[in-house]
Amino acid sequence: MYTVRKVTDDLYYVGGDDRRLALFENIFPIPEGVSYNSYLLMDEKTVLVDAVDWAITREYMLNVDRVLDGRDLDYLIVNHMEPDHCSSIELMLQKYPNLKIISSEKAILFMRQFGYHVDDRYIEVKEGDTMSFGKHTLAFVEAPMVHWPEVLMTYDTTNGVLFSADAFGSFIANNGRLFADEVDWDRDYLDEARRYYTNIVGKYGTFVQKALEKAGGLDIKYICPLHGLVWRDDFGYILDKYTHWATYEPEEDGVLIVYASMYGNTEFAAQALAAKLCEAGITNISLRDVSNTHVSVLIAEAFKYSNIVLASVTYNLGVYPLMQNFIEDMKALNVQNRAVSIIDNGSWAPQAGEKMEKYLDEEMKLMDVLPEQLNMVSSLKAMKEPDMDAIVEGIQDSIKKRKEEKEKSKSQNKSKK
């Protein structure tokens with residue numbers, strides 16, 4: 001048996017799933033696995049587009065053999081040289097002695113750095129280059145820092161297939177499915193696609209925007225990423241998501257409340273705030289404990305929501321370590337254009353709130369720290385209810401202001417047209 005599926009005329013999916021890997025890049029939990037995608041074009045010349053991780057190389061080589069059906073493999077296009085897509089290159093070169101690699105100059109350099117013996121069996125390509133393999137002509141598009149500097153995207157001018165490297169990818173094993181329209185994407189894949197993008201590519205939004213501009217000039221009929229499912233319709237949906245993520249604009253008006261609590265008192269304050277927000281009509285809320293929520297989930301939700309509340313106990317005269325890690329991760333991944341409210345707690349020297357505000361003001365200047373704050377000593381007291389109400393009003397005002405600015409921007413764009 002094989003895990004091959006047909007994408008379109010002459011093009012076959014020959015990748016596979018990895019459900020044994022616990023941590024992607026040894027950082028990100030993937031409880032539902034991940035796919036490593038590769039595609040084989042059967043033309044006058046045979047062209048394999050990208051390779052796979054070592055974990056599924058045996059299955060992969062069987063798939064390639066099955067589709068080739070006795071033919072030789074002429075070319076391997078390497079769009080992205082990260083090892084989860086390239087660990088099988090050496091074996092492919094050994095198995096197919098006439099095989100030549102097509103890739104960017106930087107990718108060839110990386111191959112040598114990883115110890116692959118490419119010798120002179122490669123063809124360097126750059127932006128605007130094209131190659132014909134019979135009926136199909138492929139054009140190469142440079143997409144540096146999406147999310148490594150050597151990245152190419154490859155566009156089949158014959159059938160409109162865009163091989164998009166790590167763009168438009170997702171966590172979750174394909175499980176026999178190939179196309180995005182074969183699943184309930186909003187329900188089952190959106191959160192993991194967001195977590196994948198924001199944590200892996202999120203820092204490089206300006207580069208993604210440039211790549212999206214290039215893609216916008218192509219007549220795309222299929223998007224074939226290196227992880228996740230293939231898109232063959234509803235491109236506006238996924239492009240809209242990528243535009244939000246790449247421009248750091250929130251997807252939704254709502255509130256992410258992240259709390260750091262040692263004995264439950266700061267947690268209680270966070271829950272009380274959530275209840276008051278709901279009473280005020282703001283029910284799109286995600287309430288997360290920084291100590292038992294993986295930071296990749298927190299980052300994904302920071303990209304999703306318009307407002308963030310940071311509620312932290314003071315620890316060693318500073319911010320609770322896991323909360324500090326989250327804030328630093330937000331900075332590293334360029335999270336911006338969010339309104340942030342602060343709650344702090346401490347029994348004998350409360351300083352977390354002041355230090356979080358200072359860090360945001362100095363290190364994340366494109367975040368709007370709202371003036372309304374709640375400062376607690378040990379536990380939440382009834383006398384602090386006006387401060388809690390003020391935070392709710394501040395969040396309401398910031399969401400209202402954002403909506404007004406969006407409407408104003410829409411009307412200005414309409415008048416320009």
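**Pockets and the strands around E19**

About 370 Å³ of space lies in the second largest pocket of this predicted model. Of the 17 residues that line this pocket, Gly16, Asp17, Asp18, Arg19 and Glu59 are the closest to its centre. Strand E3 (residues 16-18) gives the largest share of the lining, three residues. Sorted by class, the lining of the second largest pocket consists of seven charged, six polar and four nonpolar residues.

The largest pocket has a volume of about 640 Å³. Its lining is made up of 23 residues, and those nearest the centre are Glu249, Pro250, Arg402, Glu405 and Lys406. Two or more lining residues come from each of helix H8 (235-247), strand E19, strand E22 (368-377) and helix H13 (385-416). Helix H13 provides the largest share, nine residues. In the lining of the largest pocket, nine residues are charged, nine are polar and five are nonpolar. Both domain 1 (5-247) and domain 2 (252-403) take part in this lining, with at least three residues drawn from each.

A further description concerns residues 255-396. In UniProt, an unreviewed entry lists these residues as "domain: Flavodoxin-like". Over residues 255-396, the chain is 43% helix and 30% strand. The C-alpha atoms at the two ends of this stretch are 10 Å apart.

Strand E19, one of the elements that contribute to the lining of the largest pocket, spans residues 305-315. The strand is mostly covered, with ten of its eleven residues buried. Strand E19 pairs with strand E17 (residues 252-260) through seven bridges, and the two run parallel. In this pairing, Leu256 stands opposite Ile308 of E19. Seven bridges also join E19 to strand E21 (residues 339-346), again in a parallel arrangement. Here Ile308 stands opposite Val340 of E21. Ile308 therefore has a partner in each of two pairings, Leu256 in one and Val340 in the other.

The pairing of E19 with strand E20 (residues 318-319) is antiparallel and rests on two bridges. Thr314 stands opposite Val319 of E20. Strands E19 and E20 form a hairpin with two residues between them. Asn316, in the turn of this hairpin, has a positive phi of about 50 degrees.

Notes. Residues numbered from 1 in each chain as written. Predicted model: local features only at pLDDT ≥ 70, side-chain atom pairs only at ≥ 80, totals over all residues. Heavy atoms only, no water. UniProt positions renumbered as here; feature names shortened; annotations may be inferred. Helix = DSSP H or I, 4+ residues; strand = E, 2+ residues; numbered from the N terminus. Buried < 20%, exposed > 50% of the residue type's maximum accessible area, 1.4 Å probe, protein only. 1 Å grid on protein atoms, 1.4 Å probe; cavity = no way out; pocket = protein on both sides within 12 Å on 5 of 7 lines; lining within 4 Å. Points joined across faces, edges and corners; volume = space filled by probe spheres on them. Nonpolar A, V, L, I, M, F, W, Y, C, P; charged D, E, K, R; others polar. Domains from an automatic or database assignment.
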